[in-house]
Amino acid sequence: MSLHNSEINLIVEELLSKIIPGIVQKVSHAGSCGFILQIHFSKITERLFIDLQSGYSRLHLVQDDYEKRKEPTSFCMLLRKHLLQKKCVEILQVNQDRIVKAVFQGEEGQIFLFCELFGNKNSIVLTDSEL
């Protein structure tokens, strides 16, 4: 079952205190269609899990290990290229909807990661400009 708007709001509030302003140290696959961003902040490393599985979309911090793919997909490599060593400076819920926006800052400017958690139609959008 997918997260509701109010649940996403609570998760975003938790993430604000745990990963802002953290540095992305690692990006990896988790399960069949999920990603883990390992973010270091204040001597603690947190793992942000983004799962896009149809019907079970979610985004939250995790402690457990997940099965990793032997070979990363091209999208995982793209996330690594643009997010590694970037500072996560903002995370928010867009218009109280099931969209979470994370803003990362690097030397070349800001990068935006949008997670759309709509249940059966989930997606991640990585862009260098706000949509």
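## Close-up views of the predicted model

**Tyr 56 counts as partly exposed, with a relative accessibility of 47%.** This value falls between the limits of under 20% for buried and over 50% for exposed, which is why the residue belongs to neither of those classes. The structure shown in this and every other view is a predicted model. Tyr 56 is placed in the loop that runs between β3 and β4 (58-62). Asn 120 lies 64 residues from Tyr 56 along the chain, yet the C-alpha atoms of the two are separated by 7.9 Å.

**The largest nonpolar core comprises 30 residues.** Ile 19, Leu 37, Ile 50, Leu 59, Phe 104 and Leu 113 are the members with the most contacts inside this core. Among the elements of the chain, helix α1 (residues 5-19) makes the greatest contribution to the core, namely five residues. Apart from residues up to four places away in sequence, Ile 19 touches Ile 39, Phe 41, Glu 46, Leu 48, Leu 61, Cys 88 and Ile 91.

**One cavity of 30 Å³ or more is found when the whole structure is searched.** The space within the largest cavity amounts to about 70 Å³. Its lining is formed by 14 residues, of which Leu 48, Ile 50, Ile 91, Ala 102 and Leu 113 are the closest to the centre. At least two lining residues come from each of the strands β2 (34-41), β3 (44-51), β5 (87-93), β6 (99-106) and β7 (109-117). Strand β6 gives the most, with four residues. By character, the lining consists of 13 nonpolar residues and one charged residue, with no polar residue.

**A search of the whole structure finds one aromatic pair.** The partners are Phe 35 and Phe 75, whose ring centres are 5.7 Å apart. Their ring planes meet at 65 degrees, and the pair is therefore classed as edge-to-face, a term applied to planes over 60 degrees apart. Phe 35 belongs to strand β2 and Phe 75 to helix α2, and the pair links distant parts of the chain, 40 residues apart. Phe 35 has a relative accessible area of 7% and is therefore buried, whereas Phe 75 is partly exposed, at 26% relative accessibility.

**His 29 is situated in strand β1 (residues 23-30).** With a relative accessibility of 6%, His 29 counts as buried, since this class takes in values under 20%. When residues up to four places away in sequence are not counted, His 29 touches Gly 34, Phe 35, Glu 67, Lys 68, Arg 69, Pro 72, Thr 73 and Cys 76. Phe 35, one of these contacts of His 29, is also a member of the aromatic pair. Between the C-alpha atoms of His 29 and Tyr 66 the distance is 8.3 Å, although the two residues are 37 apart in sequence.

**Lys 86 and Gln 85 both lie in the loop between α2 (74-83) and β5.** Lys 86 has a relative accessibility of 10% and therefore counts as buried. In contrast, Gln 85 counts as exposed, at 58% relative accessibility. Leaving aside neighbours within four places in sequence, Lys 86 is in contact with Gly 22, Ile 23, Val 24, Lys 81, Phe 104, Gln 105, Gly 106, Glu 108 and Ile 111. Phe 104, which appears among these contacts, is one of the residues with the most contacts inside the largest nonpolar core. The backbone of Gln 85 has a positive phi of about 65 degrees, although the residue is not a glycine.

**The peptide bond from Ile 20 to Pro 21 is cis, and Lys 43 has a positive phi.** Most residues other than glycine have a negative phi, and most peptide bonds are trans. For the bond between Ile 20 and Pro 21, omega is near -5 degrees. Pro 21 is located in the loop between α1 and β1. The phi of Lys 43, which is not a glycine, is about 65 degrees. Lys 43 occupies the loop between β2 and β3 and counts as exposed, with 81% relative accessibility.

Notes:
Residues numbered from 1 in each chain as written. Predicted model: local features only at pLDDT ≥ 70, side-chain atom pairs only at ≥ 80, totals over all residues. Heavy atoms only, no water. 1 Å grid on protein atoms, 1.4 Å probe; cavity = no way out; pocket = protein on both sides within 12 Å on 5 of 7 lines; lining within 4 Å. Points joined across faces, edges and corners; volume = space filled by probe spheres on them. Nonpolar A, V, L, I, M, F, W, Y, C, P; charged D, E, K, R; others polar. Buried < 20%, exposed > 50% of the residue type's maximum accessible area, 1.4 Å probe, protein only. Contact = heavy atoms within 4.5 Å. Phe/Tyr/Trp six-rings, centres within 6.5 Å; stacked < 30°, edge-to-face > 60°. Core = buried A, V, L, I, M, F, W, Y, C linked by side-chain atoms within 4.5 Å.
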